[in-house]
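Please load the model in a viewer and keep a selection tool at hand. The tour below proceeds stop by stop, stating what to select and what is found there.

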Amino acid sequence: MEFFFLLKGVVLGFSIAAPVGPIGILCIRRTLAYGMLNGFISGMGAATADGIYGGIAAFGVTAVSAFLLDYQVYLRLIGGFFLLYLGYTTFTSYPAETAVQAGGQKFFQAYGSTVLLTLANPMTILSFAAVFAGMGVGTIDGGYGLAAFMVVGVFIGSMLWWLTLSGGVNLLRSKFDTGKLLWVNRLSGTVIAGFGIFSLIAVGR
C-alpha cells in the first residue's frame with residue numbers, strides 16, 4: 001500500500017513539473033549557460049516548493065492554505081515582478097561573463113530563485129488538494145502515513161523531471177557557441193518577462 005501511494009506521488013510530481021513554464025525556461029537556459037548541475041539545482045528549488053505545497057494539501061493544514069489563498073494577489077504580484085527582473089537580467093547577461101561566475105553562490109541563487117517563484121503561485125495548493133482528495137489521501141486507514149509517502153513521491157517525481165530535463169539539455173550544450181548562447185539568453189529573457197507580464201495582467205482581472 002505504501003509503495004503504491006509513493007508511486008502515485010512520483011507520477012503526480014513528474015506530471016505537475018513537466019509543463020514548460022518560466023521555471024522550465026530558466027532550467028534550460030541555466031543548463032546551457034552554466035552546466036547540468038546548475039540547471040538541476042534550479043529544478044530542485046521547484047521540486048522543494050512542490051513538496052511543501054503537497055505537504056500542506058495532504059496534511060490538511062487549513063490555516064496555511066487559507067493564508068496563502070487570502071494573500072494570493074500579493075504573492076502573484078511578487079512573482080510577476082520577480083519574473084520581470086529575472087527576464088531582464090537573463091536578456092542582458094553575456095555567456096562569457098556568466099560562465100566565469102558559476103560557483104557555490106550561483107548554485108544557491110539558482111535554488112533560491114526557483115523556490116520563491118514556485119511558492120509565489122499558491123494556486124498549486126488547490127491542484128494538490130483536489131488530486132489528494134480524489135485519491136482519498138488522509139481519509140483512509142493510515143491516512144497520515146500514506147499522505148507522507150505520497151508527498152515524498154511528489155518530491156521524487158518532480159526531481160526526476162528536472163534531472164531528465166537538465167540532462168537532456170546538457171547533451172546539446174556542446175552545440176552552442178557563445179553567439180548561440182547569447183541568443184538563448186535573449187530569447188529566454190523575453191519569454192520569462194512575458195510570463196511576468198501575463199502574471200501581472202492576471203492579477204488585475
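Which exposed residues does the face of H5 turned away from its buried side carry? Select Tyr74, Ile78, Phe81, Tyr85 and Tyr88: these are the exposed residues on that face of H5. The model under inspection is a predicted one.

**Stop 1: helix H5**

Extend the selection to residues 72-92, which make up helix H5. The helix has 21 residues, and the distance from its first C-alpha to its last is 30 Å, close to the 30 Å expected at 1.5 Å a residue. Now colour Gly79, Gly80, Leu83, Leu86, Gly87 and Thr90, the residues of H5 that are buried. They lie on the same side of H5, because the arc they cover around the axis is only 130 degrees. Turning to the opposite face brings back the exposed set, including Tyr74 and Tyr88.

**Stop 2: the whole chain**

Zoom out to show the full protein chain. It contains 10 helices and zero strands, so that a cartoon view from the N terminus on reads α-α-α-α-α-α-α-α-α-α. The chain has 205 residues, of which 45% count as buried.

**Stop 3: the two terminal selections, H1 and H10**

Select helix H1, residues 2-17. Its 16 residues should span 22 Å at 1.5 Å a residue, and the 23 Å between its end C-alpha atoms agrees with this. The buried residues to highlight in H1 are Phe5, Gly9, Val10, Leu12, Gly13 and Ala17.

Next select helix H10, residues 178-203. For its 26 residues a span of 38 Å is expected at 1.5 Å a residue, and the end C-alpha atoms are indeed 38 Å apart. Among the buried residues of H10 are Leu181, Val184, Asn185, Ser188, Gly189, Ile192 and Val203.

Stay in helix H10 and centre on Gly189. Why does Gly189 count as buried? The reason is its relative accessible area of 2%, which falls under the 20% cut-off. Add Ile25 to the selection: it is 164 residues from Gly189 in sequence, yet the two C-alpha atoms are 8.9 Å apart in space.

**Stop 4: the largest pocket**

Display the pocket surface. The largest pocket holds about 710 Å³ of space. Of its 24 lining residues, those closest to the centre are Pro22, Ile23, Leu117, Asn121 and Thr124. Two or more lining residues come from each of the helices H1, H2, H3, H5, H7, H8, H9 and H10. Which element provides the largest share of this lining? It is H10, with four residues. Colouring the lining by class gives 13 nonpolar, nine polar and two charged residues.

**Stop 5: Tyr53 in helix H3**

Select Tyr53, which belongs to helix H3 (residues 36-58). With a relative accessibility of 2%, Tyr53 counts as buried. Show the side chain of Tyr53 together with the backbone of Leu119: a polar atom of that side chain lies 2.5 Å from the backbone oxygen of Leu119. Then draw a C-alpha distance from Tyr53 to Ser127; it reads 9.6 Å, for a pair 74 residues apart along the chain.

**Stop 6: Ser113 in helix H7**

Move to Ser113, located in helix H7. Its relative accessibility is 6%, and Ser113 therefore counts as buried. Two partners deserve display here. The side chain of Ser113 is joined to that of Arg30 by a polar contact of 3.1 Å. The side chain of Ser113 also reaches the backbone oxygen of Ala110, at 3.1 Å.

**Stop 7: Ser166 and Leu163 in helix H9**

Finally, select Ser166, in helix H9. Is Ser166 buried or exposed? Ser166 is buried, since its relative accessible area is 0%. The side chain of Ser166 reaches the backbone oxygen of Leu163 at 3.3 Å.

Leu163 also has its place in helix H9. Leu163 has a relative accessible area of 37% and is therefore partly exposed. To end the tour, add Ile41: Leu163 and Ile41 are 122 residues apart in sequence, while their C-alpha atoms are 9.0 Å apart in space.

Definitions and conventions: Residues numbered from 1 in each chain as written. Predicted model: local features only at pLDDT ≥ 70, side-chain atom pairs only at ≥ 80, totals over all residues. Heavy atoms only, no water. Buried < 20%, exposed > 50% of the residue type's maximum accessible area, 1.4 Å probe, protein only. Polar contact = N/O pair within 3.5 Å; in protein donor to acceptor, adjacent residues only side chain to side chain. Expected span 1.5 Å × (residues − 1). Arc of directions from axis to C-beta. 1 Å grid on protein atoms, 1.4 Å probe; cavity = no way out; pocket = protein on both sides within 12 Å on 5 of 7 lines; lining within 4 Å. Points joined across faces, edges and corners; volume = space filled by probe spheres on them. Nonpolar A, V, L, I, M, F, W, Y, C, P; charged D, E, K, R; others polar.
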